[in-house]
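This report walks through one protein chain for a reader at the bench, from its overall composition to its strands, helices, core and ligand surroundings. Please keep the sequence and the structure at hand while reading.

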Amino acid sequence: MSETTEFRTTTRHMLKRSRQYASQTLMGGLSGFESPIGLDRRDRIEALKTGDIGFVHSWDINTSVDGPGTRMTVFMSGCPLRCQYCQNPDTWKMRDGRPVYLEAMIKKVERYADLFKATGGGITFSGGESMMQPAFVSRVFRAAKEMGVHTCLDTSGFLNKNYTDEMIEDIDLCLLDVKSGDEETYHRVTGGVLAPTIEFGQRLARAGKKIWVRFVLVPGLTDSEENVENVARICETFGEAIEHIDVLGFHQLGRPKWHELRIPYPLEDAKGPSAALKARVTRQFEDHGFVVY
Ligand code: SF4
C-alpha cells in the first residue's frame, strides 16, 4: 500500500468494529463510499480530529462549476454561518452528514485521477463549510497532490484559524466567498464576522495561490454601492491572486429546503437582481480592474 492510500487508525478497536459495517453501500449522493457507521460517538470525534473520517453530505462529478475542468465536488457537512440566502441549509449540521473513511475518499480521487488530469479538473471540497473538517480535507488534498490532481477549496474563509500554512500549501485554487464588504452587513447576511475571510484571502495570496472570489448579489441586502465598493477594496488586498470575481445573482432555488426543514426563511419574498443592477455591480468591480463573470 502506498503512503498516499495508507489509512492511519485512530484506535484499533474502533476500526475493527466499524469495518463490520463497511460492506454497506450508501446510495444517492454518497454512493460508492464505505462508511464507518458503526463507530460510537467518542470514536467518531477522535477520528474526525485526525481526519481518519469526514462527515460528508454528498458528492458529484461536474464540469466547470466548482473550478476548472471536470471535477469531483464533495459537499462536507457542518457550517458555522447562517447566511440568509443559503441554498443548502441541509448541510448546516455536521451530524446530519454521513461519516466516510479517508481511505475511501482517496480511492475515489484515484479512480477519477486520469479524467481530472485530461480535462484540467480535480477535486473540490465545498459545503456546508469545507474548513470545518480541516484534517480530513487537507489529508485528501495531500493525497491528491501526490497523484498530480488539482485541488480547490470552496469556502467562506470564516474558519481561517483552522488552516495551517502547511495545509494551505496543498490548495491550488480557492473559491472564496466574500459575502459583504463591511462588518455590519456581513454580520446581517451571515451571523458571523468578516475579518477571518480577509485574513484567509491574504494568506492564500502570500502563499502564491489562486482565488476566484464569489459575491452573492441580493437586492436590498448586499447590493448597496458602498457594500460593493468595500468588497472590491477587500479583493484588492489579495493582489495578483485573484483571477476573477463571480457575481452570483440571488435566486430562490433553495427556498423549498428551508420549508422542508421548518426553518424560518428570511428571504421568503426576495427577488433576484435585475439586469441593470447586475450590470452596475459588474461595472463597479471592473472599475477596480477585476475580470467579472
Ligand atoms: S457559508 Fe454556505 S453553507 Fe454556510 S450558511 Fe452560508 S451559504 Fe450556507
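Two residues are taken to be in contact if their C-beta atoms, placed from the backbone, lie within 7 Å. On that footing, residues 24 or more positions apart account for 75% of the contacts in the chain that have a separation of 6 or more. The model is a predicted one, and its chain contains 10 helices and 8 strands. Of the 293 residues in the chain, 42% are buried.

**Strands**

Strand S1, made of residues 53-63, pairs with S2 in the antiparallel sense, and S1 also pairs in the antiparallel sense with S3. Strand S2, residues 70-76, runs parallel to strand S4, residues 122-126. The table sets out these pairings, each with one pair of facing residues.

| Strands | Sense | Bridges | One facing pair |
|---|---|---|---|
| S1 and S2 | antiparallel | 7 bridges | Ile61 and Met72 |
| S1 and S3 | antiparallel | 4 bridges | Val56 and Arg98 |
| S2 and S4 | parallel | 5 bridges | Met72 and Ile123 |

Met72 thus appears twice, with Ile61 as a bridge partner and with Ile123 of S4 as another. Strand S2 is mostly covered, since 5 of its 7 residues are buried. The hairpin of S1 and S2 has 6 residues between the strands, and within this hairpin Ser64 takes a positive phi near 55°; Thr63, for its part, stands opposite Thr70 in S2.

**Helices**

Which residues of H4 are buried? In this helix they are Phe136, Val137, Ser138, Arg139, Val140, Phe141, Ala143 and Ala144, and the elements that cover them include S1, helix H3 (102-119), S4, strand S5 (150-155) and helix H5 (165-169). Helix H4 covers residues 134-146, and its 13 residues reach 18 Å from the first C-alpha to the last, close to the 18 Å expected at 1.5 Å a residue. After H4 comes Gly148, which has a positive phi near 80°.

Helix H10, residues 275-287, can be checked in a similar way: because its 13 residues should span 18 Å at 1.5 Å a residue, the 18 Å between its end C-alpha atoms agrees with that expectation. Gly289 follows H10, and its phi is positive, near 90°.

**Core**

The largest nonpolar core holds 73 residues, and the members that touch the most others are Val109, Val140, Ile211, Val213 and Cys235. Val140 is also among the buried residues of H4. Once neighbours within four places in sequence are left aside, Val213 is in contact with Leu176, Val178, Cys235, Ile242, Ile245 and Asp246, and Cys235 in turn is itself named among the core members that touch the most others.

**Ligand surroundings**

Which residues surround the ligand? They are Cys79, Leu81, Arg82, Cys83, Cys86, Asn88, Thr91, Gly127, Gly128, Glu129 and Ser156. By character, the shell divides into 4 nonpolar, 5 polar and 2 charged residues.

Definitions and conventions:
Residues are numbered from 1 along each chain as its sequence is written. This is a predicted model: local features need pLDDT of at least 70, side-chain atom pairs count only at pLDDT 80 or more; totals for chains, interfaces and linings use all residues. A residue is near a molecule or strand if its C-beta atom, placed from the backbone, lies within 6 Å of it. Ala, Val, Leu, Ile, Met, Phe, Trp, Tyr, Cys and Pro count as nonpolar, Asp, Glu, Lys and Arg as charged, and the others, Gly among them, as polar. A nonpolar core is a set of buried Ala, Val, Leu, Ile, Met, Phe, Trp, Tyr and Cys residues joined through C-beta atoms within 7 Å. A residue is buried if 20 or more other C-beta atoms lie within 10 Å of its own, exposed if 12 or fewer, and partly exposed in between; C-beta atoms are placed from the backbone. Helices (H or I, at least four residues) and strands (E, at least two) are DSSP runs, numbered from the N terminus. The expected span of a helix is 1.5 Å times one less than its number of residues. Two strands pair if DSSP finds at least two bridges between them.
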